[in-house]
Amino acid sequence: MTELPESFKEEMKTILKNDYPLYEKCFGEDAFRGISVNRLKTTPEKLIGLLPFEVSKSPFYRDGYYISCTEQGIGKHPLHHAGAFYVQEPSASSAVSLLDVQEGERVLDLCAAPGGKSAQIASCLGGSGLIWSNEVVKSRAQILLSNFERMGIANGVVSSLYPEVLCKRLGGYFDKLLVDAPCSGEGMFRKNPDAVSEWSREHVLSCAERQLSILDSASSALKSGGVLVYSTCTFSYEENEGVILRFLEKHPEFEMCEINEPFGRKTELPCAVRITPIENGEGHFAAKLRKIYSDNDGVFSCRRTENIKKDSIYISAERELEEIFRDVSGADISIKGDKVYLLPDMLPDISGINVIRAGVLAGEFKKGRFEPAHSLFTAFRPDAFRRVLELDINDRRTEEYLHGMETECDGENGYTAVSFCGMVTGFGKCSGGRLKNKYPKGLRN
């Protein structure tokens with residue numbers, strides 16, 4: 001069993017009181033594992049009927065499920081490739097449940113990589129509104145972008161900006177805001193023994209200062225009446241209740257929202273909940289606040305296609321997209337150099353800030369010839385495309401496609417969406433009864 005630092009044990013005894021022996025006992029048991037269903041691609045009922053392994057309902061999120069700790073190779077399963085689900089520790093999904101995202105809202109996930117909570121938010125939005133996901137570390141932001149593409153998120157923005165820069169630029173823009181803050185990771189002790197050896201009281205205190213700084217920046221991005229959820233995967237008072245109390249002292253424009261969710265354990269704050277292995281999660285803390293008033297609710301202009309001059313490359317892009325889709329009349333097409341993008345409806349002016357991707361990369365012109373991007377296909381359902389190769393997950397062609405092989409295709413010639421059980425996973429080019437595989441090499445099994 002993992003040997004816990006004495007100072008950590010003393011703090012946990014203070015937090016858990018009589019339940020502390022149960023917490024220590026949990027270290028002799030397996031860590032929890034789970035998945036979250038992506039409604040942009042499927043429904044929980046349909047997915048559960050297709051999965052080759054057993055799942056059981058998680059209490060932390062409407063579409064969250066436990067899976068066996070012994071289940072192997074999940075990331076290579078065709079339905080994972082299709083973006084039908086995200087592998088996520090169950091209690092990590094609780095923060096988005098508290099955020100209570102509604103269709104049509106503008107939501108900022110400020111510390112978003114690798115993207116599990118952003119995937120939840122996008123699933124709750126159902127293709128409406130806007131999900132803006134930010135990650136300050138550029139290498140992690142690329143992982144975030146890859147997950148956006150796999151999950152089929154078209155109404156999103158991925159950026160790599162310092163919180164103070166992003167939130168100042170978009171002051172008063174968002175309805176909901178999630179700060180899943182970098183932390184000392186005490187909730188990961190069961191899953192990752194290295195986290196124990198790296199733990200120290202000094203690190204806890206330095207994390208608390210950084211967390212408060214991030215919250216200070218985040219506060220300006222919310223509009224009046226907006227909701228902020230702060231979460232960590234740690235247990236410490238300083239990083240959790242302590243940060244919230246210090247934030248509220250500095251920001252009288254915020255108030256606590258009482259939590260009445262059926263999960264976790266109560267804290268001394270009515271706006272917060274703590275989850276430990278005793279409550280069937282690895283470890284999480286989340287607090288919910290509301291912005292009562294604001295002096296900086298912004299007025300943001302959105303880009304509109306009808307205001308764009310349709311030059312020759314724009315017209316060419318539109319024509320190429322018409323060959324792929326059944327209807328492109330509502331598409332907001334943007335051209336940057338040789339690259340073609342489809343922008344979200346609610347996108348604010350992003351000129352001058354470091355946005356990695358806004359909307360969907362549709363493709364690019366190479367030597368005058370248009371080449372569609374993988375993300376163009378994963379972002380839409382099968383009925384959006386003129387040509388679709390629909391495969392069952394047990395079809396041998398499914399395995400061939402995921403291995404990057406050429407396979408049979410009985411449709412008409414042209415760029416063709418490849419769909420597993422109604423979930424578009426990628427594309428190929430059909431010619432003479434064969435599909436030339438376009439599944440990206442870095443994603444293949």
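These legends describe close-up views of a predicted model.

**View 1. Helix 11 and the elements it packs against.**
Helix 11 covers residues 241-250. Its buried residues are E241, G242, V243, I244, F247 and L248. These residues pack against helix 10 (201-218). They also pack against four strands: strand 9 (222-232), strand 10 (254-256), strand 12 (272-275) and strand 13 (284-291). In an α-helix, residues three or four places apart point the same way, because there are 3.6 residues a turn.

**View 2. The hairpin of strand 21 and strand 22.**
Strand 21 spans residues 414-420. Strand 22 spans residues 423-431. The two pair in the antiparallel sense, over seven bridges. V418 has G426 of strand 22 as its bridge partner. Two residues lie between the strands of this hairpin, and C421 takes a positive phi near 50 degrees. Strand 22 is mostly covered, with seven of its nine residues buried.

**View 3. The hairpin of strand 22 and strand 23.**
Strand 22 also pairs with strand 23 (residues 434-437). The sense is antiparallel, and there are four bridges. Here G428 stands opposite N437 in strand 23. This hairpin has two residues between its strands. In the turn, G432 has a positive phi of about 60 degrees.

**View 4. The largest cavity and its lining.**
The structure holds four cavities of 30 Å³ or more. The largest cavity has a volume of about 80 Å³. It is lined by 13 residues, and F148, E149, I153, R357 and G359 are the closest to its centre. Helix 7 (138-151), strand 7 (156-159), strand 17 (360-366) and helix 13 (374-378) are the elements that give two or more residues to the lining. Helix 7 gives the most, with three residues. By class, the lining of the largest cavity has seven nonpolar, four polar and two charged residues.

**View 5. The second largest cavity and its lining.**
This cavity holds about 40 Å³ of space. Its lining is made of S36, V37, N38, Y61, Y86, G116, A119, Q120, S123 and M151. Two elements give two or more residues each: strand 1 (33-37) and helix 6 (116-125). Helix 6 gives the most to this lining, with four residues. Five of the lining residues are nonpolar and five are polar. No charged residues line the second largest cavity.

**View 6. The aromatic pair of F32 and Y66.**
The structure holds 20 aromatic pairs. In the pair of F32 and Y66, the ring centres are 5.6 Å apart. The planes stand at 50 degrees, so the pair is tilted. F32 lies in the loop between helix 2 (20-26) and strand 1, while Y66 lies in strand 3 (residues 64-67). The pair therefore ties together parts that are 34 residues apart in sequence. F32 counts as partly exposed, at 22% relative accessibility. Y66 is buried, with a relative accessible area of 13%.

**View 7. A cluster of aromatic rings.**
Ring pairs link seven named residues here: F8, Y20, Y23, F27, F189, W199 and F235. Together they make up a cluster.

Technical notes:
Residues are numbered from 1 along each chain as its sequence is written. This is a predicted model: local features need pLDDT of at least 70, side-chain atom pairs count only at pLDDT 80 or more; totals for chains, interfaces and linings use all residues. Side-chain values use heavy atoms; hydrogens and water are left out. Buried means under 20% relative accessible area, exposed over 50%, partly exposed in between (1.4 Å probe, protein chains only). Contact means heavy atoms within 4.5 Å. Two strands pair if DSSP finds at least two bridges between them. On a 1 Å grid over the protein atoms alone, a cavity is a set of points where a 1.4 Å probe fits but cannot get out, and a pocket is an open set with protein on both sides within 12 Å along at least five of seven lines; lining residues have an atom within 4 Å of a point. Grid points are joined across faces, edges and corners, and a volume is the space filled by probe spheres set on the points. Ala, Val, Leu, Ile, Met, Phe, Trp, Tyr, Cys and Pro count as nonpolar, Asp, Glu, Lys and Arg as charged, and the others, Gly among them, as polar. Rings of Phe, Tyr and Trp (its six-membered ring) pair if their centres lie within 6.5 Å; planes under 30 degrees apart count as stacked, over 60 as edge-to-face and the rest as tilted.
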